[in-house]
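The following exercises are to be worked through with the structure in view. Each task is followed by a solution in steps.

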Amino acid sequence: MVVLSQPALDLEKYSLLRSTGKPAASAADIPEIDLSDPNAKSHVVKACEEFGFFKLVNHRVPVELMTKLEDESLCFFKLSQSEKDKARPPDPLGYGSKNIGSNGDKGWIEYLLLNANPLPLFSQQSDSFLSAAAEYVTAVKKLSGEVVELITEGLKIEPKNAISRLINDEKADCYFRVNHYPPCPEMQAVSGRNMIGFGEHTDPQIISLLRSNNSTGLQICRRDGVWVSVPPDTTAFFVNVGDALQVMTNGRFKSVKHKVVADSSKERVSMIYFGGPPLSEKIRPLSQVLAEGEESLYKEFTWWEYKTAAFKTRLADYRLGAFEKSQKSTF
Ligand code: GA4
């Protein structure tokens, strides 16, 4: 018999009761980009400027690939705790529970965090989860390249692969993550409030593509500081601008602050692909985004420098601050 394991409820220790709800203005204005729309490139630029976030439809990734991996992921998370703990290769990759990163962040979550390029874990194992993940990652990786090419075209940057070459590089630093937010009915009964699943943060990479099951929980922070609930759509991807793309556009795009509030009664599964550049890549504004005489807002740094610094921060920290020209260098 398979026993559904859940992280033990230990509210004081994890002090996750900060979510008093009150998110969420209307979700109606979350931009939707139709990849088959001939004007998609200008819409995508507007969405990245105004929200750093958009919903992507007509993306041509078969829904079966998504549901297959969702099912496989749920099978994995239903394993006993000791079985799941075996999927814990050297930090920070592998299975994790309640701890996010290594600097004290906690969430009502368990997850698998994997290196996505290359897919060593995937190709060496015959496990059905890993083969579903390999198929999914291959499709989403291709799609992330198409999305950044659309952005590049929309920004009138040439060549078209000025950004996609970074995330398609054989040394591109890409991650793949499956997050499982178990339901927490006790919580709702006790306090009428929901738990923080994944605290507010921006993604450090260039771009992230998220797909979730039919559960609510994802919220994004609008430019005016208002949190907006993102209604689920199991057939769509939700795309985040990451910190590196903010720098490459010299702040024209802003990486989007987002978080997940766990639902008290329904489990949530999300699968996220993070497209990052090779470690040695210099991250700086693309020359064609700079107007004449415009200077970079950021000090020049490599992705390795940024990533190393980012992994020492807490989730909610403003990681780019240390790399802004007005700030003192931390190096
Ligand atoms: C956020 C985006 C990705 O999930 C991630 C996260 C990483 C981790 O889970 O180890 C970080 C977080 C993320 C940003 C700040 C640091 C590092 C946890 C954390 C507190 C895999 C990533 O690349 O950065």
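**Exercise 1. Aromatic pairs**

Determine how many aromatic pairs the whole structure holds, and classify the pair formed by phenylalanine 76 and phenylalanine 77.

Solution. Step 1: the model is a predicted one, and a search of all of it yields 11 aromatic pairs. Step 2: for phenylalanine 76 and phenylalanine 77, the ring centres are 5.3 Å apart and the planes form an angle of 75°. Step 3: planes over 60 degrees apart count as edge-to-face, so this pair is edge-to-face. Step 4: phenylalanine 76 has a relative accessible area of 12% and is buried; phenylalanine 77, at 0%, is buried.

**Exercise 2. A pair between distant parts of the chain**

Classify the pair of tyrosine 175 and phenylalanine 311, and state whether each residue is buried or partly exposed.

Solution. Step 1: the centres of the two rings lie 6.4 Å apart, with 35° between the planes, and the pair is tilted. Step 2: tyrosine 175 belongs to strand β5 (residues 175–181), whereas phenylalanine 311 lies in the segment after α10 (303–310); 136 residues separate the two. Step 3: buried means under 20% relative accessible area. Tyrosine 175, at 8%, therefore counts as buried. Phenylalanine 311, at 36%, counts as partly exposed.

**Exercise 3. The length of a helix**

Compare the expected span of helix α3 (residues 63–77) with the distance between its end C-alpha atoms.

Solution. Step 1: the helix has 15 residues, and at 1.5 Å a residue it should span 21 Å, because the rise is multiplied by one less than the number of residues. Step 2: the end C-alpha atoms of α3 are 21 Å apart, in agreement with the expectation. Step 3: the buried residues of α3 include Leu65, Met66, Leu69 and Leu74.

**Exercise 4. An open sheet**

Which strands stand at the edges of the open sheet of four strands?

Solution. Step 1: the strand order is β6-β11-β8-β9, and the pairing is antiparallel. Step 2: β6 (195–201) and β9 (227–229) each have a single partner strand, so these two are the edge strands, and one side of each lacks a neighbour in the sheet. Step 3: from one strand to the next, the twist averages 20°. Step 4: β8 (residues 218–221) is joined to β9 by three bridges, and isoleucine 220 stands opposite valine 228 in β9.

Definitions and conventions. Residues are numbered from 1 along each chain as its sequence is written. This is a predicted model: local features need pLDDT of at least 70, side-chain atom pairs count only at pLDDT 80 or more; totals for chains, interfaces and linings use all residues. Side-chain values use heavy atoms; hydrogens and water are left out. Buried means under 20% relative accessible area, exposed over 50%, partly exposed in between (1.4 Å probe, protein chains only). Two strands pair if DSSP finds at least two bridges between them. Axes are lines fitted to C-alpha atoms, for helices over the stretch in contact, and angles run from 0 to 180 degrees between N-to-C directions. Rings of Phe, Tyr and Trp (its six-membered ring) pair if their centres lie within 6.5 Å; planes under 30 degrees apart count as stacked, over 60 as edge-to-face and the rest as tilted.
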